[in-house]
Amino acid sequence: MSELRYVEIKDIPAENIHILGRMGKQRQPLPIFFNGGGVEVVVTGSELWIELETESDFQEMWVAVEINGAFISRQMLLPGEHSICLFRSMDPAASKRVRIYRELQAMNDDEVVNLLVKGFKLNGEFKSVPKYERKLEFIGDSITSGEGSYGAFEDVDWIAMYMSASVNYATMTAKALSADYHLVSQGGWGVFVGWDNDIRHNLPSVYEKVCGLANGDRNKALGAADEYDFDSWQPDAIIVNLGTNDATSFDQAEFVNPEDGKTYKMRRNEDGTRNREDELKIVSAVENFLTMLRKHSPKAHIVWCYGMLGCDLNLVITEGMNRYKEKTGDQNIAFFQLPNTKMDTYGSHMHPGRKSHENASKELVDYLKTKLNWE
C-alpha cells in the first residue's frame, strides 16, 4: 500500500474538485456555511481521508458522506480538528466519486458554529469531477433545513442530530435531476416574519449576503457577511419554500424586538380570521422577494412551493405572486402545491420525515422535468 500524501484544498486544481453550496472568496481553509454544502472529488487509490475543523457552542456539527452516489455515513463532529477516513481498502485503480457535506443548517443563534475543509490525504490521484449541466437553488425554512428528517416521531428535542441534507426533498430533487444545488434555509424563519413574530427572522433580509445567517466575528472573518457574487453561479430554477412560519405567527404571542423596543404581532380578528392588514404584509413580502430574486437571477424559473406542513397561506402567497406578475409582466414564475405531511410520514419534532421528503421530491422532479423540458 502506497504512502498517503496531504493536499490542501487550495492546491487541488479547479477541475478536480467541486464545491457544493454558496461560497465567498476564501478557499484555504474552505468555509462550508449551509446544509448541503461541501466538497466532491473523484480519486483513485485505496484510501482517502479528509481534514476538517469545526467550532460549535450548543449545536454540534454533523456531516454526511456519499461514495459513487450512495449514502455511506453521517456523524457528529465535536469542536476541534478532525481527520476522517472516507474509505480504505478499496480497489486502488478504480475511480471513486466522493461527496462529503454539511448536515446542519447555518445557525443564526450560535455565533461560534462553523465548518472548515482543510484538505485531503490520499494514496491515489485526483481526477476530473464531471460537470453539472443543471443548477437548482432552494430557499426555505426548517423543511429545507431537513429538521425532523431523522429521529422517531416521539423525539421532540430541537437538536442538530435531527437536521439533515441527506434526507431532504431539496437534495433528493437535485440528485434525481443530476443537478448542482444551493440551499439557503433557516428553521423558524419566514418570508416576512418568524414563527414567533420576530420581525428580524425573514429570509429576504439575509439573502444577498454569502451567508447572512451566520453571525459573530469568526464567521464575518470567513466572509459570511460579504455581498454574494450572484454572477458566479446562476441557477436554472429557484425553488422557494416559505410561508409555513408566517402562518404560524398568527397564533403566537407578541414579540418585543430588543433592537428597537417595539412590539410585533400578526393578528387574528375576533372571528378567528387573519387580520387583513397583516396578511397584506406577507403579500408585499412575497412580491418584494420575487423582485429581488429576479434581479439577481434574470433567467431562472422561479417556483414557489408550499404545503408540506399545511397550506393556510396558499391564497396569500399567490396574491403576492400575482401582484408581482401584474407589475412586471414576468411569467417565468409559478406556484406549486407540495403534498402535505400525514401522520405516517412525519419524522421527529412534528416535521416531515423521510417519506414526506420523498413524496415532495417526486412531485417536484416531475414538475421541473415538464416545465424545463429536462429528460
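**Exercises on strand pairing and helix packing**

In strand 18 of this structure, Gln337 is the bridge partner of Tyr306. The model is a predicted one, and the exercises below treat its sheets and helices in turn.

**Exercise 1.** Determine how strand 17 and strand 18 run relative to each other, and place the two strands in their sheet.

*Solution.* Step 1: strand 17 (residues 301-306) is joined to strand 18 by five bridges, and the two strands run parallel. Step 2: the sheet is open, has five strands and follows the order 13-12-14-17-18, with parallel pairing. Step 3: strand 13 (179-185) and strand 18 (333-337) are the edge strands, each pairing on one side only. Step 4: on average, neighbouring strands of this sheet are turned by 20 degrees against each other, direction ignored. Step 5: helix 5 (residues 314-328) packs on the sheet and touches strand 17 and strand 18, and the direction of helix 5 makes about 170 degrees with that of strand 18.

**Exercise 2.** Establish whether strand 6 is enclosed or open to the surroundings, and identify its partners.

*Solution.* Step 1: a residue counts as buried when its relative accessible area is under 20%. Step 2: Met61, Val63, Val65 and Ile67 point one way from strand 6, while Trp62, Ala64 and Glu66 point the other way; all are buried. Step 3: since seven of the seven residues of strand 6 (residues 61-67) are buried, the strand is largely enclosed by the rest of the structure. Step 4: strand 7 (residues 70-77) runs antiparallel to strand 6 and is joined to it by seven bridges; within this pairing, Glu66 has Phe71 as its bridge partner. Step 5: two residues lie between the strands of this hairpin, in which Asn68 takes a positive phi near 55 degrees. Step 6: strand 9 (residues 96-102) is also antiparallel to strand 6, with five bridges joining them, and Ile100 of strand 9 stands opposite Val65.

**Exercise 3.** Classify the packing of helix 1 against helix 6 and describe the contact.

*Solution.* Step 1: helix 1 (residues 169-176) and helix 6 (residues 354-371) pack at an angle of about 45 degrees, and their axes are 8 Å apart. Step 2: this angle makes helix 1 oblique to helix 6. Step 3: the crossing of helix 1 past helix 6 is right-handed. Step 4: helix 1 contributes Tyr169, Met172, Thr173 and Ala176 to the contact, and the residues of helix 6 include Arg354, His357, Glu358 and Leu364. Step 5: sorted by class, the contact has seven nonpolar, three polar and two charged residues.

Note on methods: Residues numbered from 1 in each chain as written. Predicted model: local features only at pLDDT ≥ 70, side-chain atom pairs only at ≥ 80, totals over all residues. Heavy atoms only, no water. Buried < 20%, exposed > 50% of the residue type's maximum accessible area, 1.4 Å probe, protein only. Helix = DSSP H or I, 4+ residues; strand = E, 2+ residues; numbered from the N terminus. Pairing = 2+ DSSP bridges. Axes fitted to C-alpha atoms, helices over the stretch in contact; angles between N-to-C directions. Parallel < 35°, antiparallel > 145°, perpendicular 65-115°, else oblique. Left-handed = near helix turned anticlockwise from the far one by under 90°. Contact = heavy atoms within 4.5 Å. Nonpolar A, V, L, I, M, F, W, Y, C, P; charged D, E, K, R; others polar.
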